[in-house]
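The following questions and answers are meant for a reader meeting this structure for the first time. Please consider each question before reading its answer.

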Amino acid sequence: MSERVWSVPELLDARHLQTLRRLLERVLPYPAIPDGPTVSDTVAYVLRRLEHEDRALFGPLEQLLERTAGSEDDWLQAAASTPQYPDRGVFEALRGWAWDGFLADPRWGVNRGGRGWTHLGWGGPPRRREAGAGEGR
Amino acid sequence: MIVDDPVDVVVVGLGAAGGTLAAALAARGLQVLGLEAGPQLDPTTDYRDDELEFAVDRRLCWQEPEVLEYEGSELVAPWLARNRGVGGPHVWSGFAYRFHPSDFRVATEVGVPADSSVADWPIDYDVLEPWYEAAEELVGVGGTAGNHPYEAPRRGPYPGPPVPRVPGALRLEPAARALGWHPYQPPAAVLGAARDGRRACSKCGLCTNYACHRGAKASSDVFALPAGYATGRLRTRARVLVTEVVCDPADGRPVAVRYLGPDGVAGEQPARAIVLANNATYVAKLLLQSRSARHPRGIGNASDQVGRHLTFHTGGVAWGVYDEQLFIDSGPAQQVAVDDLNEDRPWRAGAGFRRGGVLHGGMPVSFAGGPLTFARSLGGVAPLPEGVPEYGPGLMDFATYAYTRHQAVYVLGEDLPQAQNRVVLDPVRTDSAGLPALRMVYRRHPEDVLQVDHLLDAATRLVEQSGAHTVASAAAPVPGGMFAGHAHGTTRMGRDAATSVADDTGLVHGTENLFVAGAGLFVTGAGLNPMLTITALALRAVDRIAAAAGGD
Ligand SMILES: Cc1cc2nc3c(=O)[nH]c(=O)nc-3n(C[C@H](O)[C@H](O)[C@H](O)COP(=O)(O)OP(=O)(O)OC[C@H]3O[C@@H](n4cnc5c(N)ncnc54)[C@H](O)[C@@H]3O)c2cc1C
């Protein structure tokens, strides 16, 4: 990730974080996999991305967290069912981050043990398997 | 400003065309300098297999803001999938086609549709055929000659064997035959067997968006530049962004290029011949940026042709989910193609559009990659099948089931050139170098709209016929070729300076030493991928460029 420029955790309060967590849990509920991906890891990952790659999304997300506390389900339903919904971009970002938390390389602090990969039937990065670092399919 | 020692030839951009030309010109005895805006790739960080880095964040692609004026709406994003880095293309997929003979004479074959700028190329297939042969040899194309009736004439077999097949392909082929078509395995610039120190494909499935760690997928750092460096006459510089062609104020002759170096310091590189090979749209941008008293509208733009006749290819996808596991993530994309709806075949059969396209099948709906790329594409590039929710447990369950059981068929169609579809400099927005951003003005031709519907319907039928129990399809929301790095026609070749920018070797009209290379030269875009034609045209131009630079 590029150089750290600001501290997102300091900009979001506990209520914001709780709403973020509730949104992520709802947008893509993770199946219970022992020692597998967790929403807590995904929340921490999202905060890191907001400091770097997805910094431009911080403003729209913060506004959303402000507005939707307690009404996450209503918002998700509206954003998902209306392609032209004004917050559609944030919806898609949340869904993308939730997938990252489940399926990105564990070196990003998500997808513990690569168990999200196994859940979908993937043996892990094939080039690493090729280099003898793991099992093939 | 630093002024460097003059060289015989400066090549701007070291991708498919630039890498090929730089090496070939050095082999001709010329002192060549290649300037590349992207990095020198580092195998320890750039050849990894991390989906987040390479497919989601597209680390090896340009991320410049680009303005797309599409059907009258203005959209800003890094629209064009574009390779960056010395010795590209690295992130491409490896389809390596020769165009059909008819692709060079569309006007003669089907006439000029109203509101289009369709024209014949100034060269025909026979002229380019030996250069296709040379390009296939250089790049290391694998395939099976004679495997379908619409193949462009060739004098011999492919230099290498085809890439390994994946199970999905074996489902699509009989299905295509049942629909009356002639499926075939498309030629690939991915090695099916080791060659020239490059290893064969290991079916890692990480082609598109990734650099190939085995050198199996062709990029000019493996197929061209090493021979150039071996001459001792080729030097390349990374992270050097060329911003302008500099002309002699007295006679307007191009004499140098101006650049921003890695440290942001401006410099000037004088050269006897200048080759702009920095990708079709950005070649046009560079010409337009090169304004002077002698060339007030930009060099090469006296007749206002630079940037015009922009085409991208139409696109769409149909995909299906099957009962059995296909593990479609385990191979290169060159699995099954159908050419029965390409060229003017649908038109001759009564369709309302003159030029068709190809169907490519047997790849993931995310085109390449593993489960993250797949899952992230759901509801985006991959339209969700009816009944699959946009979020929630239903989406997770669907992804879990479908990942190993799906495959896709992609549409790639020839869009008709139109003079008003063009690249211009954005009057307001700037890019990361503070220069005007690229602005692309594009409207679909009415025949393109009919064509993409027709091809998408065919792709959907193919997926259904192959036994998928769940099918979804959608046309690309913007010209599909943008996502595949296909842009053509912005520096059209032709004999008449009033209607084209360069001659058939890329020599810019009105100059004696400024050349453009790449798909900008294409008069029409064909319904096939461009890279092999770009490379063949580059090889054909070597003699002419060498002569302009004072070589033999
Ligand atoms: C994801 C993807 C998949 C693709 N798949 C296929 C395929 O399967 N088959 C096929 O035929 N084609 C494919 N393509 C398209 C193919 O890669 C391009 O058509 C081809 O590489 C273009 O060749 P080029 O030499 O004109 O430009 P490029 O190969 O793009 O090289 C241009 C170079 O110029 C550099 N540059 C840009 N501006 C400047 C500047 N101002 N100064 C200095 N350097 C500069 C860039 O960094 C780049 O390295 C794909 C492209 C992408 C992005």
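Q: At about what angle to E14(B) does H9(B) run?
A: This is a predicted model, in which local features need pLDDT of at least 70, side-chain atom pairs count only at pLDDT 80 or more, and totals for chains, interfaces and linings use all residues. Residues are numbered from 1 along each chain as its sequence is written, chains are lettered from A and ligands numbered from 1 in the order in which they are written, and side-chain values use heavy atoms, leaving out hydrogens and water. Helix H9(B) lies across E4, E14 and strand E15 (436-442) of chain B. Between N-to-C directions of axes fitted to C-alpha atoms, for helices over the stretch in contact (heavy atoms within 4.5 Å), on a scale from 0 to 180 degrees, H9(B) runs to E14(B) at about 65 degrees.

Q: Which are the edge strands of the open sheet E5-E4-E15-E14 (chain B)?
A: Four strands make up this sheet, and their pairing is mixed. Strands pair if DSSP finds at least two bridges between them. The edge strands, each pairing on one side only, are E5 (73-77) and E14 (422-430) of chain B.

Q: Is His295(B) buried or exposed?
A: His295(B) lies in the loop between helix H9 (280-289) and strand E10 (314-321) of chain B. A polar atom of its side chain is 2.9 Å from the backbone oxygen of Gly252(B). The relative accessible area of His295(B) is 17%; under 20% counts as buried, over 50% as exposed and in between as partly exposed (1.4 Å probe, protein chains only). His295(B) is therefore buried.

Terms used: Helices (H or I, at least four residues) and strands (E, at least two) are DSSP runs, numbered from the N terminus. A polar contact is a pair of N or O atoms within 3.5 Å; within protein, one must be able to donate a hydrogen and the other to accept it, and residues adjacent in sequence count only if both atoms are side-chain atoms.
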